[in-house]
Amino acid sequence: MIPLTSSLTGQVFSFQDAEAALKTVGFKLADNWDYEHGYFDYKIDDRVGYQFIRLPFVVTSGSLDAPSDYAMIEMTEPFLLSHKYNPGLDDNVKEGNIRAIFDQFQEPVDKDATFPEEHIQSGQELLQAAEEALLSQR
């Protein structure tokens, strides 16, 4: 993981405005959000594992699962992240069709793998695009 300095850190936005602005530059809400925090992710590469720039946030009011609740979020320090996976399917799948749907893919070999240097500049450029998209709303 490589932390990135950003003018977004500490800034507060409505979740709906942040999601709409970041979508225009290719970011999407990561699947691993919950009621208190989440991430906007941009997948930079996936040749050897997955490399992301991640824009984390905490929910300061409202709720992400109720669009009419007008959740407010505070952006925290962005970072570059690399997950390294074994290729292929998981050979430790539990039996049963339903369970196999969820267990078929490999667990990460390294959830915080070394981030490839050739993608650091791309990550910084994507962060700049995200900053411009969000801060232009002000």
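Trainee: What share of the 138 residues of the protein chain count as buried?

Mentor: In this predicted model, 38% of the 138 residues count as buried. The protein chain exposes about 8500 Å², and carbon and sulfur atoms supply 49% of that area.

Trainee: How many helices and strands does the protein chain have?

Mentor: There are three helices and eight strands. Along the sequence they follow the pattern β-β-α-β-β-β-β-β-α-β-α.

Trainee: What share of the contacts with a separation of 6 or more comes from residues 24 or more positions apart?

Mentor: Such pairs account for 61% of those contacts. One residue with contacts of this kind to look at is Ile73, which touches Gln11, Val12, Phe13, Phe15, Ala18 and Phe40, among others.

Trainee: Which residues have the most contacts inside the largest nonpolar core?

Mentor: They are Phe40, Ile53, Leu55, Phe57 and Ile73, in a core of 26 residues. The elements that give two or more residues to this core are H1, strand S4 (37-45), strand S5 (50-61), strand S6 (72-75) and helix H3 (120-135). H3 gives the largest share, five residues. As a general point, nonpolar side chains tend to be buried together in soluble globular proteins.

Trainee: What makes H1 oblique to H3?

Mentor: The axes of H1 and H3 cross at roughly 135°. An angle over 145 degrees would count as roughly antiparallel, and 65 to 115 as roughly perpendicular. The value falls in neither range, nor under 35 degrees, so H1 is called oblique to H3.

Trainee: Which residues make the contact between H1 and H3?

Mentor: Ala18, Ala21 and Leu22 of H1 meet Ala130, Ala133 and Leu134 of H3. The two axes come within 9 Å, and the crossing is right-handed.

Trainee: Why is Ala20 called partly exposed?

Mentor: Ala20 has a relative accessibility of 46%. Buried would need a value under 20%, and exposed a value over 50%. The value for Ala20 lies in between, so Ala20 counts as partly exposed. Ala20 belongs to helix H1 (residues 15-23). Its C-alpha is 9.4 Å from that of Ala133, although the two are 113 residues apart in sequence.

Trainee: How do you know whether Glu131 is buried or exposed?

Mentor: Its relative accessible area is 17%. The cut-off for buried is under 20%, so Glu131 is buried. Glu131 sits in helix H3. Leaving aside neighbours within four places in sequence, Glu131 is in contact with Thr5, Ser6, Ser7, Leu8 and Ser136.

Trainee: What makes Tyr70 exposed?

Mentor: Tyr70 has 56% relative accessibility. Exposed means over 50%, therefore Tyr70 counts as exposed. Tyr70 is in the loop between S5 and S6.

Trainee: Which residues does Tyr70 touch, not counting those up to four places away in sequence?

Mentor: Tyr70 touches Gln16 and Ser61. Ser14 is 56 residues from Tyr70 in sequence, with 6.6 Å between their C-alpha atoms.

Trainee: Why is Gln16 called partly exposed?

Mentor: The relative accessibility of Gln16 is 38%. That value is not under 20% and not over 50%, so the label is partly exposed. Gln16 lies in helix H1. From Gln16 to Ala71 the C-alpha distance is 7.6 Å, across 55 residues of sequence.

Technical notes: Residues are numbered from 1 along each chain as its sequence is written. This is a predicted model: local features need pLDDT of at least 70, side-chain atom pairs count only at pLDDT 80 or more; totals for chains, interfaces and linings use all residues. Side-chain values use heavy atoms; hydrogens and water are left out. Helices (H or I, at least four residues) and strands (E, at least two) are DSSP runs, numbered from the N terminus. Buried means under 20% relative accessible area, exposed over 50%, partly exposed in between (1.4 Å probe, protein chains only). Contact means heavy atoms within 4.5 Å. Accessible areas come from the Shrake-Rupley method with a 1.4 Å probe; for residues, only the protein chains shown count as cover. A nonpolar core is a set of buried Ala, Val, Leu, Ile, Met, Phe, Trp, Tyr and Cys residues joined through side-chain atoms within 4.5 Å. Axes are lines fitted to C-alpha atoms, for helices over the stretch in contact, and angles run from 0 to 180 degrees between N-to-C directions. A crossing is left-handed if the near helix is turned anticlockwise from the far one by less than a right angle, and right-handed if clockwise.
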